[in-house]
Amino acid sequence: MFFIHELNRTITLHPSYFGPHMKDYLIHKLHEDVEGSCTGRYFIICVIEYENITLGRIIPGKGDAEFTITYKAVVWRPFKGETVDGVVSSVNKMGFFAEVGPLTVFVSSHLIPRDIKFDPTSNPPQFSDNGDQIINKGAHIRIKLMGTRSDVGKMHAIGSIKEDYLGYDIFKYAEAFVIN
Amino acid sequence: MTTTHTPLTRAKEQIHGDEEAGTELKLGEFQNVSSLTLSETKEVLTAVFNHRREQGKFKVPDNEVVTKTQQYLEVFSRFKQRESVQAVERILALQTDLVAFEKSQLGTLCCDTAEEAKVLIPSIEGKKSDEDLQELLDEITKLRQFV
């Protein structure tokens with residue numbers, strides 16, 4: 001789910017940067033540090049604007065100054081139990097990987113309905129129920145997130161398509177191509 | 001000279017790890033944060049980046065996360081015109097019985113039936129009658145045709 005979240009960041013500046021463009025440099029550094037980063041719990045996509053920059057506090061014993069910036073950013077946070085759409089990026093007999101925005105979600109074959117089976121003979125490999133449900137690379141898929149794991153700077157997730165209204169729906173997604 | 005206030009108490013440690021969007025929404029630090037549909041997010045990012053390009057002072061981020069996100073939004077945002085995005089937001093804003101997360105999910109997933117919406121967004125169960133929910137979904141679907 002995308003949110004507009006208010007966050008804080010503390011940036012330390014070397015005294016050589018004290019000057020008329022100090023604020024611009026701080027914002028530039030903020031963008032560089034934070035945009036496109038993953039905290040392990042959510043991804044920060046883009047800084048919208050800053051609310052406040054504190055006065056610089058000189059660190060005792062050094063000449064550097066510490067600034068705390070309060071800013072608003074577009075953030076993406078996946079939740080367990082959330083329904084999301086994604087694009088299948090790879091398929092193997094254990095299941096398939098799908099990309100949901102910046103996150104890669106793994107759907108294990110155990111969480112795929114039993115009538116959709118792995119077809120090793122087809123090229124490219126795919127999951128299929130020999131009807132209209134075909135899951136191969138590039139397919140649009142609706143997934144329910146079952147769990148997320150955080151790592152330093154990364155996130156991993158697993159998902160399921162075993163419930164009603166999940167999986168591959170040709171009619172729903174076909175319209176996305178027609179309208180474009 | 002500035003005086004910084006030292007807080008008298010330490011902020012309470014937040015318990016992480018049990019956040020989920022199931023039949024009950026436990027969103028942790030995001031419980032009261034405003035959420036966005038995919039179409040809205042696309043509008044916000046486009047506006048911010050265009051502003052940056054025009055101003056010339058700050059760069060548009062160029063990394064994998066941002067690029068992947070923009071591509072994802074391009075594919076899955078259901079409402080391509082700004083007018084339809086705003087119209088959907090107006091309709092959703094009127095729903096005082098739903099919270100932000102549920103409203104954004106409705107505008108993102110674009111369900112056809114009330115049954116589908118209740119399965120995909122479990123916390124909606126009980127908050128609206130099936131007829132009201134179906135009426136809301138039909139209004140959103142109508143806006144999808146205006147491309």
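These legends go with a set of close-up views of a predicted model.

**View 1. The A–B interface.**
Here we look at where the two chains meet. Chain A brings 46 residues to the contact and chain B brings 51 residues. Together the two chains bury about 4,400 Å², and 64% of that area sits on carbon and sulfur atoms. On the chain A side, M1(A), F2(A) and Y165(A) are the trio to look for: they supply 15% of the area that chain A buries against chain B, more than any other three residues.

**View 2. The barrel of chain A, with a helix of chain B against it.**
Five strands close up into a barrel in chain A, in the order β6-β7-β8-β13-β12 and with mixed pairing. Neighbouring strands in this sheet are turned by 50 degrees against each other on average, ignoring direction. One of the pairings is that of β6(A), residues 83–92, with β12(A), residues 140–151: these two run antiparallel and share 5 bridges. To find your place along that pair, start from V84(A), whose bridge partner in β12(A) is I143(A). Helix α2 of chain B, residues 64–76, packs on this sheet and touches β6, β7 and β12 of chain A. The direction of α2(B) makes about 110 degrees with that of β6(A).

**View 3. A hairpin in chain A and the strand beyond.**
Strand β2(A) covers residues 37–38 and pairs with β3(A), residues 43–53, in the antiparallel sense over 2 bridges. S37(A) has I44(A) as its bridge partner in β3(A). The two strands make a hairpin with 4 residues between them, and in the turn G40(A) has a positive phi of about 100 degrees. β3(A) also pairs with β5(A), residues 65–76, again antiparallel, with 8 bridges joining them. F43(A) is a handy marker here, as its bridge partner in β5(A) is W76(A).

**View 4. Helix α3 of chain B and its two faces.**
α3(B) has 12 residues, 82–93, so at 1.5 Å a residue it should span 16 Å; the end C-alpha atoms are 16 Å apart, which agrees. Which residues of α3(B) are buried? They are S84(B), V85(B), A87(B), V88(B), I91(B) and L92(B). These residues cover an arc of only 165 degrees around the axis, so they end up on the same side of α3(B). That fits a simple rule of thumb: an α-helix has 3.6 residues a turn, so residues three or four places apart point the same way. The cover over the buried residues of α3(B) includes α1, α4 and α6 of chain B. On the face turned away from the buried side you will find the exposed residues E83(B), R90(B) and A93(B). E83(B) counts as exposed because its relative accessibility is 56%, where the cut-off is over 50%.

**View 5. Helix α6 of chain B.**
This helix is made of 16 residues, 130–145, so it should span 22 Å at 1.5 Å a residue; its end C-alpha atoms are 23 Å apart, which agrees. L133(B), L136(B), L137(B), I140(B), T141(B), L143(B) and R144(B) are buried in α6(B). Looking down the axis of α6(B), the buried residues fall within an arc of 155 degrees, so they line one face of the helix. E131(B), K142(B) and Q145(B) are exposed on the other side of α6(B). There is also a link back to the previous view: L143(B) and E83(B) are 60 residues apart in sequence, yet their C-alpha atoms are 9.5 Å apart in space.

**View 6. Backbone oddities in the loops of chain A.**
Most residues other than glycine have a negative phi, and most peptide bonds are trans. The spots in this view go against that habit. N123(A) and P124(A) are joined by a cis peptide bond, with omega about 10 degrees. P124(A) is in the loop between β9 and β10 of chain A. N130(A) has a positive phi, near 55 degrees, though it is not a glycine. Its place is the loop between β10 and β11 of chain A. Is N130(A) buried or exposed? N130(A) counts as exposed because its relative accessibility is 75%. Y165(A) also has a positive phi, near 70 degrees, in a residue other than glycine. Y165(A) sits in the loop between β13 and α2 of chain A and is partly exposed, with a relative accessible area of 36%. Y165(A) turned up in the interface view too, as one of the trio there.

Key:
Residues are numbered from 1 along each chain as its sequence is written. Chains are lettered from A and ligands numbered from 1 in the order in which they are written. This is a predicted model: local features need pLDDT of at least 70, side-chain atom pairs count only at pLDDT 80 or more; totals for chains, interfaces and linings use all residues. Side-chain values use heavy atoms; hydrogens and water are left out. The expected span of a helix is 1.5 Å times one less than its number of residues. Buried means under 20% relative accessible area, exposed over 50%, partly exposed in between (1.4 Å probe, protein chains only). The arc is that of the directions from the helix axis to the C-beta atoms. Two strands pair if DSSP finds at least two bridges between them. Axes are lines fitted to C-alpha atoms, for helices over the stretch in contact, and angles run from 0 to 180 degrees between N-to-C directions. Contact means heavy atoms within 4.5 Å. Buried area is the accessible area (1.4 Å probe) that two parts lose on being put together, summed over both.
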